[in-house]
Amino acid sequence: MSNTLKDSLKPKLDQLQCHFTWAPQKENIDLDDMKHRLEDLIQAGVKYQAMSYNQLAFINCLQGNCEEAIQNLKEAEKILKEKHEDEFEKRIIVTYGNYAWVYYHMDRLEEARSYLDKLETVCKLFPEASRFTAMISEVYGEKGWSLLRSTRKYYEEAKECFKKALEEDPDNTEWNVGYATVLSRLEVFSETTGPGESVKQFRRVLELDPDDSVSMVLLALKLQELNQKEEAFTLVERALQKSPDLLYVLRYAAKFLRKEGDLERSLELLKRGLKIAPDSAFLHHQVGLCYKTKLMPLIKNPHLKKHRSLSSQQITELINHCKYHFEKASENRPLTFVIAKLDYALVCSLNKEYLKVEEIFSNLLRSEQMHPDDRQSVHLQAGLFELHHKRSESNAIVHFLEGLKFRRSSKEWELCRKYLIKIATRQIDSNQRDSKAFGILGHVYQLAGEKRNAIECFEKALQIDHDNEKYLSALLELRLSLQAKNDTPS
């Protein structure tokens, strides 16, 4: 009976709209990282807590903590009853779906079936609903937030969800905030888009809710990019006045102030934030960046040699502060907070802890789950470490060439290209018969799509190293590519 019931439930569960049927699954996300971030959101007392508990239930279930997942769902249901009584049926659809899936995974099949029955009853309230779900703005909106909080891979899909939610409910603050946030995140990775769209959307949020202090500081950060400093400062001060102890206001206001050079006030806000969320990776990273900003002039400025003992003591203290906070930032998010690990590696390299730096790069590059943009950043930083600290041009070249295999429009790609051209040009200037240097330039131009320049460089390399198979193969591929382009009818 049990197997028969289980077999009959699965097709029905697959029809649901909830975290268990949306894209991010166990193989696509770092579960520990996601759990920490959701717990931070709940601890910070941000709005829309029911959605955080819903997603946390999904993560706990994937980790085998099903009883804990049920408690998360009970919290979500309680919040919805208390805060959204008038629209409870609209907002409970995702939660009931999650209940059904968790009980299914626990083999408590009658309870799973009871939540399918509840969903069927709820869905009868909506004319265009299917038997077990209704594609209404509340479902689209929660799906958008879920995808937004997972990984950048799903930002475009999250954006579409918020757009659909806003088509039905254009004045809903939750979906407007979500849409503004996802636009802001996408702009960071965009090759062409500036911050204009997200600025417009954050202004829309503040029209709907003038007291949304988190949106004030997020808008301020975008205005800072556009150099609209006066309005940005006003927004930050307003946000801090309205919500002086709200974690997300503290963290983004601190980031804004750090970028403006007000390190002491930034540190003051970050330390206040750490009292609320002592394990927050974001806060620890921002504290580390403040100390790193203080550290770099002491290392680079030759005039401080007059005060060698004082600067040496300061440098040691700042290095220790940086290392502590960057390590704290990355320990809970080893796969997704790669930038914190790279900052940690940089400080260790300044402190001549070269074995530690090599271990960091080696561990990062062994990870199969790392996002391609992060892998490109690791290769760039590993190349700079080999070039400037280990004085190994050959190892640096390997990393810079690997970095060129990823996203072409990024600043990391441009830096890899710049350093390779600089190294190869200098080698050719000192030895006109350096075939490897011509080969490097050939590969750089090939990866950049500059085919004629690449052909010229590989031809020069082969004039010196006649039988090099790598250069011959690259040259043949380039010539065939150009010939195919020329043969294509216009």
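**Notebook: helix H7, cores and a cavity**

I first looked up helix H7 (residues 109-123): at 1.5 Å a residue its 15 residues should span 21 Å, and the end C-alpha atoms lie 21 Å apart, which agrees. Here the expected span is 1.5 Å times one less than the number of residues, and helices are DSSP runs of H or I with at least four residues, numbered from the N terminus.

The model is predicted, so local features need pLDDT of at least 70 and side-chain atom pairs count only at pLDDT 80 or more, while totals for chains, interfaces and linings use all residues. Residues are numbered from 1 along each chain as its sequence is written, and side-chain values use heavy atoms, with hydrogens and water left out.

I then listed the buried residues of H7 (under 20% relative accessible area, 1.4 Å probe, protein chains only), which are Leu109, Ala112, Tyr115, Leu116, Leu119, Val122 and Cys123. Seen down the axis of H7, these fall within an arc of 135° (taken from the directions from the helix axis to the C-beta atoms), so they line one face of the helix.

Next I turned to the largest nonpolar core (buried Ala, Val, Leu, Ile, Met, Phe, Trp, Tyr and Cys joined through side-chain atoms within 4.5 Å), which has 130 residues, with Leu16 and Val102 making the most contacts inside it. Leucine 16 touches (heavy atoms within 4.5 Å) Leu116 and Leu119, among others including Trp101 and Phe132, not counting residues up to four places away in sequence. Apart from this core lies another of 33 residues, among them Ile397 and Phe438.

Key
Helix = DSSP H or I, 4+ residues; strand = E, 2+ residues; numbered from the N terminus. Buried < 20%, exposed > 50% of the residue type's maximum accessible area, 1.4 Å probe, protein only.
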